[in-house]
Amino acid sequence: MKKRLFFIGALCMALASCSGGKSEMDRFIDELMGKMTVEEKIGQLNLPVAGDIVTGQAKSSNVSERIRKGEVGGLFNLKGAEKIRDVQRIAVEESRLGIPILFGMDVIHGYETIFPIPLGLSCSWDMAAVEQSARIAAEEASADGICWTFSPMVDVSRDARWGRVSEGSGEDTFLGCRIAEAMVRGYQGPDKETQLTEDDQILACVKHFALYGAPEAGRDYNTVDMSHIRMYNEYFPPYKAAIDAGAASVMASFNEVDGVPATGNSWLMTDVLRKQWGFDGFVVTDYTGIYEMIAHGVGDFESVSVQALKAGIDMDMVSEGFVVNVKNALDKGLVSMKDIDTACRRILEAKYRLGLFDDPYKFCRAEEAAQEVYCQEHRDIARKIASESFVLLKNENVLPLKKQGTIGLIGPLAETRSNMPGTWSVAARFDVPKTIREGLTEAVAGKARVLYAKGSNLVSDYDLEIRSTMFGRELGRDNRTDAQLLNEALAVARQSDVIVAALGEASEMSGESSCRTDIGIPDVQQKLLKALVATGKPVVLVLFNGRPLTLNWEAENVPAILDVWFGGSETADAVADVLFGDVNPSGKLTMSFPKNVGQIPLYYAAKNTGRPLLEGRWFEKFRSNYLDVDNDPLYPFGYGISYTTFEYSPVTISATEVGKGGSLTAEVTVTNTGKVAGKEVVQMYLQDVVGSTTRPLRELKGFEKVALEPGESRTVTFEITPELMSHYNSNLEFVAEPGEFIVSVGPDSRTKNSASFMLK
């Protein structure tokens with residue numbers, strides 16, 4: 001066995017006894033870097049893909065040999081503790097210095113136990129559940145060899161055409177901040193001072209820095225252009241919240257910012273991220289991000305590699321721009337040794353914080369993985385969280401269903417396993433999740449019968465279906481005619497007491513590079529749904545989707561609509577729990593649903609115009625409106641109903657005036673006025689009525705999810721602090737400006753339950 005020089009305990013003990021004001025970590029890394037060649041330092045900045053799981057088009061070759069040469073700092077998408085141990089052994093026993101490598105993966109909403117897609121998870125409005133989902137993901141991934149996840153994605157997005165809305169937390173800045181914090185705590189540990197000290201804590205990676213969720217035309221990777229005041233007030237805060245929570249790494253976004261690709265943007269990566277926000281972790285590019293700067297038109301491969309390094313990028317994912325170009329650039333004087341050392345040190349610091357120099361195999365716990373990964377305890381938690389992420393959009397006394405009679409289950413999403421986990425579930429066991437048909441059949445066993453028909457294919461266009469069911473998510477296209485499939489479904493419907501229609505998007509119709517211009521339920525499925533409603537039987541639309549959809553006809557004509565997003569590996573049982581009333585739905589939308597794709601971008605925290613449309617009006621000439629549709633969403637941000645009803649008291653505030661630097665409280669009493677227990681998300685919004693710059697009509701500034709028994713009341717109190725009253729002004733100063741504020745508290749963003757106060 002080749003002698004390992006630098007992670008052995010003896011060296012750490014020796015360094016600990018050294019004099020000087022440096023920390024043990026600094027002394028250790030100083031000593032290590034003193035032994036490294038330039039090529040080995042550059043090698044630490046290289047992150048090739050292992051090839052087990054493909055998330056892009058590039059592949060690396062001869063990875064093992066390059067690890068031996070010290071040309072690799074980390075690998076991603078290699079799965080399994082034993083595989084990872086074998087590769088790590090090459091790094092620590094066969095390379096010259098024995099430096100361990102990082103192993104990362106897209107652990108986005110679970111490892112093998114899959115939770116709802118992040119957009120769905122956000123609709124739970126339950127930060128404890130969000131944190132728990134990340135905690136379980138870290139427990140499973142860390143036991144199976146993974147020490148770094150490319151999550152959380154905290155991009156604010158207000159354009160439902162963009163496929164990656166499925167991977168984020170929706171349109172709101174404040175809620176996005178709270179979810180970002182919860183995810184970081186789940187991955188890295190709840191206490192910022194002791195994060196990454198336990199074997200089941202892994203590096204979080206905040207992405208995509210920055211503004212990735214605002215591409216023109218809702219098209220992935222596309223140009224982003226916005227003012228700095230909007231960046232700081234609306235899009236930057238969730239990234240900063242994650243960093244303030246301790247996130248150890250950041251991923252650069254594909255888009256440009258102020259005309260410069262984020263990957264090479266010094267203002268973004270150094271001035272904002274490090275100087276303004278104090279970030280001291282490392283920054284990695286997104287997949288081939290450096291090489292893609294060439295297509296952006298800012299230079300050749302050498303020049304963009306230099307630009308990225310000098311801008312503040314520390315690790316190059318897949319492009320290999322650093323290993324190919326940086327040594328030559330150093331010889332030419334285009335980069336300095338300090339540039340290389342700074343990036344190298346940040347990577348080594350992350351490895352040190354993870355404890356890899358003490359035990360490079362600490363995350364390869366195969367026996368533990370066999371016990372924990374996809375265990376029943378984790379699956380039970382995933383089932384509960386999924387059921388509380390579903391949003392009941394409509395219910396005309398159809399739900400909950402009774403476990404009796406004959407239930408007709410119809411639709412192309414009713415009999416698929418691989419689509420249930422949702423997009424970005426790269427480590428999932430796609431052949432294991434129950435189908436909706438299995439979940440409902442088990443739920444009513446011995447009490448009712450379930451009849452099934454597919455009813456239609458996903459879409460009429462074969463090629464579109466292929467594009468929409470990639471990466472093993474095929475639905476098994478039925479070669480019968482549309483008429484034959486429909487007739488079979490109608491035959492089932494005629495025998496049924498109630499119809500459950502499992503319709504919507506396939507899981508890969510959202511996610512990366514899955515953008516849509518038509519965001520309705522696909523054509524043949526709409527035809528099927530209309531025919532089912534025309535039978536006169538009660539119809540429940542169980543809606544699968546990774547984005548807000550246009551549902552005008554459905555909202556008008558279908559008696560009950562339950563949006564289940566993609567609920568993860570336990571979707572089927574969670575759907576049954578809600579349909580039959582074992583769980584009362586409590587999810588609330590975190591993105592507005594448009595009536596028409598032409599309304600997009602559509603979001604509640606909009607600003608007024610100089611010619612606003614008067615409340616209650618549709619069209620008025622020379623006002624800000626459309627000829628063919630009103631300005632309102634179909635379903636607003638924060639919306640969601642229940643099997644019970646809730647009543648709010650008027651808002652009361654502790655003071656009608658507050659001085660600069662002072663706080664006040666707002667409170668309401670919420671009562672469950674129905675016949676069953678339920679949970680309600682109480683939402684508090686603020687409006688800064690007059691400002692030195694224009695302000696949104698209202699902004700979410702607080703929320704609380706409360707559980708109430710029938711007839712039970714609870715008083716919910718929100719503290720309104722100076723921070724909540726503040727915003728970035730035109731000088732990018734974070735200030736609370738004197739004047740009138742309106743506070744509104746209610747069940748969604750449309751609430752008119754308001755009071756006002758003056759900030760002096």
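Buried means under 20% relative accessible area, exposed means over 50%, and partly exposed is what falls in between. Keep that handy for the exercises below, and remember that this is a predicted model.

**Exercise 1. Where along the chain does Met-315 sit, and is Met-315 buried or exposed?**

Solution.
- Step 1: find the place. Met-315 belongs to the loop between α13 (301-311) and β10 (316-317).
- Step 2: apply the cut-off. Met-315 has a relative accessible area of 0%, so it counts as buried.
- Step 3: look further afield. Met-315 and Asp-628 are 313 residues apart in sequence, and their C-alpha atoms are 50 Å apart in space.

**Exercise 2. Which parts of the chain does the salt bridge between Arg-429 and Glu-112 tie together?**

Solution.
- Step 1: recall the idea. Side chains of opposite charge can pair when their charged atoms come close.
- Step 2: check the pair. In the salt bridge of Arg-429 with Glu-112, the closest N and O atoms are 2.3 Å apart.
- Step 3: place both ends. Arg-429 is in the loop between β12 (406-410) and α18 (436-443), while Glu-112 is in the loop between β3 (102-105) and α6 (118-122), so the bridge ties together parts 317 residues apart in sequence.
- Step 4: see how covered each end is. Arg-429 is partly exposed at 35% relative accessibility, whereas Glu-112 is buried at 8%.

**Exercise 3. Which helices does the pair Asp-573 and Arg-383 link?**

Solution.
- Step 1: start with the contact. Asp-573 and Arg-383 meet through their side chains in a salt bridge, at 3.7 Å from N to O.
- Step 2: place the partners. Asp-573 is in helix α23 (residues 571-579) and Arg-383 in helix α17 (residues 376-387), so to speak two distant parts of the chain, 190 residues apart.
- Step 3: compare their cover. Asp-573 is buried, with a relative accessible area of 10%, but Arg-383 is partly exposed at 29%.

**Exercise 4. How many salt bridges does a search of the whole structure find, and which residues are linked in a network of them?**

Solution.
- Step 1: take the total. The search finds 59 salt bridges.
- Step 2: pick out the network. Asp-106, Arg-164, Glu-167, Lys-207 and Glu-512 are linked by salt bridges.
- Step 3: add another pair. Arg-473 and Glu-508 have a salt bridge of 3.4 Å, N to O. Arg-473 is in the loop between α19 (462-468) and α20 (482-494), and Glu-508 is in the loop between β14 (498-504) and α21 (523-534), so this pair ties together parts 35 residues apart in sequence. Both Arg-473 and Glu-508 are buried.

**Exercise 5. Is strand β12 enclosed or open to the outside?**

Solution.
- Step 1: look at the residues. In β12, 5 of the 5 residues are buried, so the strand is largely enclosed by the rest of the structure.
- Step 2: sort the side chains. In a regular strand the side chains alternate between the two faces of the sheet. Here Thr-406, Gly-408 and Ile-410 point one way, and Ile-407 and Leu-409 point the other way.
- Step 3: find a neighbour. Strand β13 (residues 449-453) pairs with β12 in the parallel sense over 5 bridges, with Ala-453 opposite Ile-410.
- Step 4: try another covered strand. In β11 (residues 391-395), 4 of the 5 residues are buried. This strand is joined to β16 (residues 560-563) by 4 bridges and runs antiparallel to it; Leu-392 has Leu-562 as its bridge partner.

**Exercise 6. Which strands stand at the edges of the sheet β19-β27-β26-β21-β22?**

Solution.
- Step 1: read the order. This is an open sheet of 5 strands with mixed pairing.
- Step 2: go to the ends. β19 (657-658) and β22 (699-708) are the edge strands, each with a single partner, so one side of each has no neighbour in the sheet.
- Step 3: check one edge. β19 runs parallel to β27 (residues 754-759), joined by 2 bridges, and Val-658 is partnered with Leu-759.

**Exercise 7. Which residues make the nonpolar surface patch?**

Solution.
- Step 1: name them. Trp-618, Phe-619 and Leu-627 make a patch of about 350 Å².
- Step 2: zoom in. Leu-627 is in the loop between α23 and β17 (646-648), and counts as exposed at 70% relative accessibility.

Note on methods: Residues numbered from 1 in each chain as written. Predicted model: local features only at pLDDT ≥ 70, side-chain atom pairs only at ≥ 80, totals over all residues. Heavy atoms only, no water. Salt bridge = Lys/Arg side-chain N within 4 Å of Asp/Glu carboxyl O. Buried < 20%, exposed > 50% of the residue type's maximum accessible area, 1.4 Å probe, protein only. Pairing = 2+ DSSP bridges. Patch = residues over 30% accessible without salt bridge, like charges linked within 9 Å, V, L, I, M, F, W, Y side chains within 5 Å. Areas by Shrake-Rupley, 256 points an atom, 1.4 Å probe, with all protein chains shown as cover.
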